Protein chains: 2
Amino acid sequence: MTSKQVPQPERDEIRVEAVLQALGEPVRLTIVRALADAPAGISCGELELPVTASTRAHHLKILREAGVVSTHVEGTRRISTLRRDDLEALYPGLLTGVLSAKQ
Amino acid sequence: MTSKQVPQPERDEIRVEAVLQALGEPVRLTIVRALADAPAGISCGELELPVTASTRAHHLKILREAGVVSTHVEGTRRISTLRRDDLEALYPGLLTGVLSAKQ
DNA sequence: ATCGAAGTTCGACAAACGTCGTACTATGGA
DNA sequence: TCCATAGTACGACGTTTGTCGAACTTCGAT
């Protein structure tokens with residue numbers, strides 16, 4: 001198998017508190033913005049952030065468990081993508097609203 | 001004067017991180033939901049929550065400083081309202097998306 | 001088979017956070 | 001004027017959170 005899924009909540013298991021809490025941290029919001037500009041996904045190592053690799057992995061885990069991102073394995077890489085469809089279905093407008101912030 | 005404004009950030013001073021962090025706390029999200037159903041606003045004492053009055057006031061302060069709610073004085077009461085227009089202008093869809101969560 | 005690169009997990013630590021009780025201010029009514 | 005009510009401010013306390021380094025796993029390449 002060339003690609004495998006990392007465990008994540010089903011759409012109906014996603015809680016809005018967890019999503020908002022996940023998005024409310026500066027580093028994680030930066031990650032989400034980067035993912036929004038990279039539809040194909042980004043690996044943990046490609047994220048350019050002022051934190052160590054273990055901290056990046058930690059934040060990605062928070063985002064994944066909240067239901068914000070999806071992660072699949074490609075070789076030794078873990079590619080994360082935004083769960084746009086699920087979030088838009090659950091909270092229509094939320095993600096676009098967040099991403100429209102003029103930063 | 002029968003009504004006075006409590007200090008709050010201008011629209012252009014509102015930061016999305018602060019808004020999301022404010023919304024990402026269960027008690028505060030409950031407050032926001034209550035305010036969404038009460039266009040005329042709610043006083044601190046009218047909020048029915050499993051926390052003490054000082055904690056309620058604390059959460060309202062967080063929401064006010066983040067730019068989520070507006071508070072004006074009416075006698076001995078402080079009436080808080082959702083800053084729907086400002087939030088919709090800054091992050092179109094965010095608030096409606098959050099409020100559409102099936103709870 | 002061994003090595004290196006990519007991520008994750010774990011433990012530790014400091015900072016931030018949510019909560020409470022108390023003290024305080026201010027407003028309106030008796 | 002005095003008092004009760006509404007809300008805020010402050011200090012304290014325990015919990016959660018963000019961060020790091022080190023150890024570990026897994027995969028691909030040499």
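Guide: In what follows, Ala, Val, Leu, Ile, Met, Phe, Trp, Tyr, Cys and Pro count as nonpolar, Asp, Glu, Lys and Arg as charged, and the others, Gly among them, as polar. This is a predicted model, in which local features need pLDDT of at least 70, side-chain atom pairs count only at pLDDT 80 or more, and totals for chains, interfaces and linings use all residues, while side-chain values use heavy atoms and leave out hydrogens and water. Residues are numbered from 1 along each chain as its sequence is written, with chains lettered from A and ligands numbered from 1 in the order in which they are written.

Visitor: How many charged residues does the surface near DNA strand C have?

Guide: A residue is near a strand if one of its heavy atoms lies within 4 Å of it, and 21 residues stand around DNA strand C. By class, that surface has four nonpolar residues and eleven polar ones, and its charged residues number six.

Visitor: Which residue offers a side-chain N or O atom 3.1 Å from a phosphate oxygen of DNA strand C?

Guide: Polar contacts here are pairs of N or O atoms within 3.5 Å (within protein, one must be able to donate a hydrogen and the other to accept it, and residues adjacent in sequence count only if both atoms are side-chain atoms). A polar side-chain atom of S43(A) lies 3.3 Å from a phosphate oxygen of DNA strand C, and a polar backbone atom of T52(B) is 2.9 Å from a phosphate oxygen of that strand. The side-chain atom at 3.1 Å belongs to T55(B).

Visitor: What share of the atoms of DNA strand D that come within 4 Å of the protein do sugar and phosphate account for?

Guide: Of the 21 residues around DNA strand D, those that come nearest are Q21(A), T52(A), H59(A), G45(B) and T76(B). Among the strand D atoms that come within 4 Å of the protein, sugar and phosphate account for 78%.

Visitor: Which residue has a side-chain N or O atom 2.3 Å from a phosphate oxygen of DNA strand D?

Guide: Two backbones also take part, with a polar backbone atom of T52(A) at 2.9 Å from a phosphate oxygen and one of C44(B) at 3.3 Å. The side chain with an N or O atom at 2.3 Å is that of H59(A).

Visitor: Which helix of chain B gives the most to the side that touches chain A?

Guide: With contact meaning heavy atoms within 4.5 Å, 21 residues of chain B are in contact with 21 residues of chain A. E17(B), L20(B) and G24(B) supply 29% of the area that chain B buries against chain A (buried area being the accessible area, 1.4 Å probe, lost on putting two parts together, summed over both), more than any other three residues. Helices are DSSP runs (H or I, at least four residues) numbered from the N terminus, and helix 1 (16-23), helix 2 (26-36) and helix 5 (94-99) of chain B each supply at least two residues of this side. The most, five residues, comes from helix 1.

Visitor: By what turn can chain B be laid on chain A?

Guide: Copies are superposed by least squares on the C-alpha atoms of residues with pLDDT of at least 70 in both, and the fit has an RMSD of 0.0 Å with a shift of 0.0 Å along the axis, for a turn of 180 degrees. The two copies are thus related as by a two-fold rotation axis. The same surface serves both copies, since the share of contact residues of chain B that recur in chain A is 100%, and the turn asked for is 180 degrees.
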